[in-house]
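Reader: I've got a multi-chain model open and I'd like to learn how to read its domains, interfaces and helix packing. Can you walk me through it?

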Amino acid sequence: MHPDFDIIIIGAGPAGMSAAIEAAKHGASVCILDEQASGGGQIYRNVSNSKQDQVDILGKDYLAGRQYVDGLRHDRILHRAGVTVWKVDKAGTVVFSDAGRAEQIRGRHIILASGAMERAVPLPGWTLPGVLTAGAAQILMKSGSIVTRDAVLVGSGPLLYLVATQLLAAGAAPKALVETQTRRDLIAALPHLAKALRDWKQLFKGVRMIAALKWAGVPRFKAASDIAIEGEENAEAVRFRAGGKDHCIDTNIVLLHQGVVPNTQISRSLGLEHHYDHTQRCFHPVIDEFGQASHPMFSIAGDGAGIGGAKVAALSGRICALNALARIKKISGGERDKRVRRLETSKRTELSIRPFLDTLYPPPQSVLLPQDETIICRCEEVTAGDIRRYAKLGCKGPNQTKSFGRSGMGPCQGRFCGLTVTEILAAETGETQDAVGSYRIRAPLKPVTLAELAALAETNEKEAAE
Amino acid sequence: MAIIIIGGGVVGLSVAYGLLKQGKDVVVLDGADDDFRASRGNFGLVWVQGKGENAPHYAVWSRRSSELWTDFADDLLKETGVDVSFSKIGGVDYFIDEVELAERIKSLNSLRDALNDDYPFEVLDHDELKKRVPEIGSKVVGGVYSPMDGHVNPLSLLRALSIAVRNAGGTIMTGVRVVDTQAKDRDFSAVLADGTRIVGEGLVLAAGLGAVGLGKKLGFQVPIRPQQGQVLITEKLPFFLHYPSGTLRQVNEGGVQIGASKAEIGLDDVEDIATSAGLAQHAIDVFPHLGKAKLVRSWAALRIMSPDGLPIYQRSPKVLGAAFMTCHSGITLAAAHARLMPDWILERNTAPDVSQFSEGRFRV
Amino acid sequence: MFESFDKSDPGRTLSFTYAGKSISAKPGMSVAAALLTHGVTAFRGTPVSGAARGPFCMMGACYDCLVLIDGVTVQACLTPVHEGLVVERVPITSEDA
């Protein structure tokens, strides 16, 4: 199979889109693949079709995504929207499905820009209907003009405040914020404040959001613990402890958030190197200053390589594009270095707030290491206690607990239980998260029908005959 | 002193479980999370039909194990609370090619002749098969039913054995790597990567592909090679497929498992599109409605193959008290390994005659 | 409660069916979003315990919003609505049946 494109980019968020634009600018042919109907990723989701009332609620930062979506309209960029990538191999082949039909394309270099997903928040009752992620509530605003009224937001982190203030702007004030960060987290974060002040505008935005919530009279409970969602067929109430008292708030909608983590399904499936990041409490693929992963065919851009936010993602997308261009000899190594150096400086400034935020809003122990009865694998309904029992039977890694108890075998392929299983096994065995490791991810990265897969047998036969 | 068992897969644990039942102490040494593990990647059949063409003793051995399986599964349930979902209502192999079906019938007939007619199977044409399995597609030309066959949940089996061995007082050390073995007058020691020495009065090498590095020193030839097999599994579907087959079975959790390819590509356990597409096509040929089923997972694992594909059971000609066991059908043979092989390891008169499975057969 | 704040073009709606019931929606919405605005939060029972589940991540990662369209299980959050779409609940499977 000859390469169909110079560069294939997986994911059309800020990282993927800016990578595509940069690569095309330097003469490369680009194919960018994305699951959504239009470019934007989760952060700029549906931005090109957004209506005025959405923009009013979602704010100026959201609108910034339009420049990237517009930039994708370029002769050398093929944007395949609404497609699901389900296998990538080391020869540069990408297999995806479009409306029930599977296709294969090959690139000379692949940029993985599959972004982040919200960290799992395994609490008692988190699988009940009516419990969504805070990001889900935001997606409903962005792509469906839908608000969640009388929701209770549970967790910690900037997105919790952002979603709360956006709901406020839409006239659907949340019922309460149940926040898990503690005074101790604040004290731990203070040493990072000076550096964070380099991005004072961002900090100021946070302060303004919190002030807006206060002004609107939205109750905020801080350092909440023992959080449980109650209900039979749907969420009915959130129970928790805060300020030395037990609380119970009735609600049909609970929005969970404990920050976001890189979506490493593709990089894991390729067996690329990863390492555990102790500040962000998740695995990052190993990349160099150019975004180059541990295999020469792949660069990794954006939050998929470590959480930095939209602006960092856009910069890293350009850096990866330059790396790819140098690899396929569209630009010289010297030119790459020169251009990357400039982008690197801006990237560093944009990243200056991260250590402060990551330390101020850490996932609490109760989320990293849930109590025994809590379901951690939503698909196969495996509990934290099950994993601990398998650890006592000698399971030292996630692939052993997977074969003992099916955690990670469901359709989500371990996206929502992988990190939790690693954390529990690390705690049970006394090993590091790196030593414990993670699930072996294999194709299909997302379920496909057998008919779609079987249809590829014919194309492969044809090719063999050629 | 314990018997050291190198390898904590289904073969090693079955034998460990059996030895414990004989009142022996065992210590099982098991490898890392990401080692090649056939016990985690296999298809889960307890299968007899078609096995041992030109080697009736293998057909007999497989069948003997299959007959011990009901009791073996019951014991595991009683002792561990784990239901390994063993079912033995017989198996059906489906054919979409007349020539392949004819070849199978010929091979089964010759096995039946060699075994004095004690080898039950029924050849079914399309219509007869459709009465038993209404979901088959028009491409299916016929099939072969045999009451000797069954299937099991192989991962539940692995867990049950692991619990059973511990409950019976055996030791399983996981996450360890054996780098060397030493033996003197039935005093054995296994040296681990961290320098720890595990001592015992006997040694069973049941380390799958890991036996290659350790076997020579103990006096074994270890003529084994990896053979890759790929397997697909669908989302959980409403139950329709009662009979397992060599290539298709619905597991107790509801997914339909599709296997199994054979590729001689060395120590490579990465799944590929061409192979999995072929497996998917086969499933659709047999059961057209599966075309709409979602494939949730696929995997590749490595079989441990001897030159003739049959198990190897060999006592060391060099080191008294050391034994080597390997096979690519550890699930089917688990019951025989647990119930019959301890006597062979302990060199008792009551041991089954497995001399035809020795390494001697490969000597030129 | 999930409510639409889309004040534009109230006339432009389409309808599809879910489990035999007619549901109205705006073009461009996902099946999941449309069902949520009609008060449907539980889309299916899990194949393991039968527990009720509905949309969780809305970005195609969690597979909790599965529905059946044309005999294929699909993620409701990634499936856009269109006029006349027939959406069914995923049939319940039970273990060891």
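Author: Start with domain spacing, bearing in mind that this is a predicted model. In chain B, the centres of domain 2 and domain 3, taken over C-alpha atoms, are 21 Å apart. Domain 2 there spans 91-147 and domain 3 spans 225-305, while domain 1 is written in pieces, 3-78 + 154-224 + 308-362.

Reader: Beyond the distance between centres, how many residues of domain 2 of chain B are in contact with domain 3 of chain B?

Author: Eleven residues of domain 2 of chain B touch ten residues of domain 3 of chain B. On the domain 2 side, that's six nonpolar, two polar and three charged.

Reader: And how is chain A divided into domains?

Author: The assignment gives domain 1 (5-117 + 261-331), domain 2 (120-258) and domain 3 (369-431). For domains 2 and 3 of chain A, the centres over C-alpha atoms sit 27 Å apart. Five residues from domain 2 of chain A and ten from domain 3 of chain A make the contact. The domain 2 side has four nonpolar residues, one polar and no charged.

Reader: OK, on to helix packing. At what angle do the axes of α15(A) and α17(A) cross?

Author: You read a helix pair by its axis approach, its angle and its hand. Helix α15 (residues 384-392) and helix α17 (residues 418-429) of chain A have axes that come within 10 Å and cross at roughly 45 degrees. That's why α15(A) counts as oblique to α17(A). Their crossing is right-handed.

Reader: Which residues of α15(A) and α17(A) meet?

Author: From α15(A) you have A384(A), I387(A), R388(A) and A391(A); from α17(A), V421(A), I424(A), L425(A), E428(A) and T429(A). Sorted by class, this contact has six nonpolar, one polar and two charged residues.

Reader: Now between chains: how many residues of chain C are in contact with chain A?

Author: For an interface, count both sides, then ask which elements supply them. Here 36 residues of chain C contact 41 residues of chain A. On the chain C side, the elements giving two or more residues are β1 (2-4), α1 (31-37) and β5 (52-53). That side splits into 21 nonpolar, ten polar and five charged.

Reader: What joins strand β9 of chain A to β1(C)?

Author: Three bridges do, linking β9 (residues 146-148) of chain A to β1(C), and the two strands run antiparallel. In one pairing, V147(A) has E3(C) as its bridge partner.

Reader: And how many residues of chain B are in contact with chain C?

Author: Eleven residues of chain B contact nine of chain C. The chain B side has three nonpolar, three polar and five charged residues.

Notes: Residues are numbered from 1 along each chain as its sequence is written. Chains are lettered from A and ligands numbered from 1 in the order in which they are written. This is a predicted model: local features need pLDDT of at least 70, side-chain atom pairs count only at pLDDT 80 or more; totals for chains, interfaces and linings use all residues. Two residues are in contact if their C-beta atoms, placed from the backbone, lie within 7 Å. Helices (H or I, at least four residues) and strands (E, at least two) are DSSP runs, numbered from the N terminus. Ala, Val, Leu, Ile, Met, Phe, Trp, Tyr, Cys and Pro count as nonpolar, Asp, Glu, Lys and Arg as charged, and the others, Gly among them, as polar. Two strands pair if DSSP finds at least two bridges between them. Domain bounds come from an automatic or database domain assignment. Axes are lines fitted to C-alpha atoms, for helices over the stretch in contact, and angles run from 0 to 180 degrees between N-to-C directions. Angles under 35 degrees count as roughly parallel, over 145 as roughly antiparallel, 65 to 115 as roughly perpendicular and the rest as oblique. A crossing is left-handed if the near helix is turned anticlockwise from the far one by less than a right angle, and right-handed if clockwise.
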